[in-house]
Amino acid sequence: VTLENVKVGKEDVLGEVGMGYKYCINILNEGRIGIAAQQVGIAKGCLDAAMPYMEERKQFGTSIGDFQGMQHQYAQIATEIRAAELLTYDACRRKESGISFIKEASMAKLYASQVAERTASKCIEWLGGVGFTRDMPVEKFYRDCKVGSIYEGTSNIQLQTIAKMVKKEYEN
């Protein structure tokens with residue numbers, strides 16, 4: 001669609017003239033919380049799919065989930081998922097309370113997308129060959145989580161936003 005010589009009457013203008021960029025950035029900042037929540041859900045879904053399998057799958061007469069090396073791995077992942085969830089809840093709380101949430105939303109999105117990718121990758125490893133098949137939902141979760149580090153601002157944009165906000169906290 002190409003619009004040329006279009007005039008919009010004052011009564012038809014949405015918002016304040018010249019504030020379009022600010023409106024868009026505010027929407028992105030809010031959307032980051034939603035992306036963080038989505039990524040936490042993906043990570044939880046991966047763990048939900050992998051844990052029963054690790055109990056069922058036996059090696060040397062023992063469930064693979066009972067081996068200490070595996071226990072340490074899924075304990076670490078469960079801890080990271082919980083931390084991502086709490087970062088997300090904190091960003092939500094701050095937004096709902098009307099206090100600044102930009103840094104916290106960026107932190108939640110950044111960390112939750114990293115955790116989702118790490119969780120999906122680990123769960124595929126734990127599931128072995130079946131982890132890549134469509135018999136398990138983890139292969140789809142692995143593909144789905146990648147976009148979390150891209151949309152609503154890439155991970156590098158999140159880091160830049162966080163750095164700018166942290167620096168501001170320590171200035172005079």
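This report looks at the cysteines, one helix pair and a buried threonine in a predicted model.

## Cysteines

Let's start with the sulfurs. The count of disulfides comes to zero. Take Cys 46: the nearest cysteine sulfur belongs to Cys 123 and sits 5.1 Å away. A disulfide needs the two sulfurs within 2.5 Å, so Cys 46 is in no disulfide.

How exposed are the cysteines to solvent? Cys 46 has 0% relative accessibility, so it counts as buried. Cys 24, on the other hand, comes out at 47% and therefore counts as partly exposed.

## Helices α3 and α4

Helix α3 covers residues 102-127 and helix α4 covers residues 138-146. Their axes lie 9 Å apart, and the packing angle is about 160°. Angles over 145 degrees count as roughly antiparallel, which is why that label fits α3 and α4. As for handedness, α3 passes α4 in a left-handed crossing.

Who does the touching? On the α3 side, the contact residues are Ala 116, Glu 117, Ala 120, Ser 121, Cys 123, Ile 124 and Leu 127. On the α4 side you'll find Val 138, Glu 139, Phe 141, Tyr 142, Cys 145 and Lys 146. Sorted by type, the contact has nine nonpolar residues, three charged and one polar. Cys 123, whose sulfur came up above as the nearest one to Cys 46, is part of this contact.

## Thr 119

Thr 119 also belongs to helix α3. Its relative accessibility is 0%, so Thr 119 counts as buried.

What does Thr 119 touch, leaving aside residues up to four places away in sequence? The partners are Ala 43, Cys 46, Leu 47, Ile 77 and Ile 81. So here Cys 46 turns up again, a buried cysteine in contact with a buried threonine.

Definitions and conventions: Residues are numbered from 1 along each chain as its sequence is written. This is a predicted model: local features need pLDDT of at least 70, side-chain atom pairs count only at pLDDT 80 or more; totals for chains, interfaces and linings use all residues. Side-chain values use heavy atoms; hydrogens and water are left out. Buried means under 20% relative accessible area, exposed over 50%, partly exposed in between (1.4 Å probe, protein chains only). Axes are lines fitted to C-alpha atoms, for helices over the stretch in contact, and angles run from 0 to 180 degrees between N-to-C directions. Helices (H or I, at least four residues) and strands (E, at least two) are DSSP runs, numbered from the N terminus. Angles under 35 degrees count as roughly parallel, over 145 as roughly antiparallel, 65 to 115 as roughly perpendicular and the rest as oblique. A crossing is left-handed if the near helix is turned anticlockwise from the far one by less than a right angle, and right-handed if clockwise. Contact means heavy atoms within 4.5 Å. Ala, Val, Leu, Ile, Met, Phe, Trp, Tyr, Cys and Pro count as nonpolar, Asp, Glu, Lys and Arg as charged, and the others, Gly among them, as polar.
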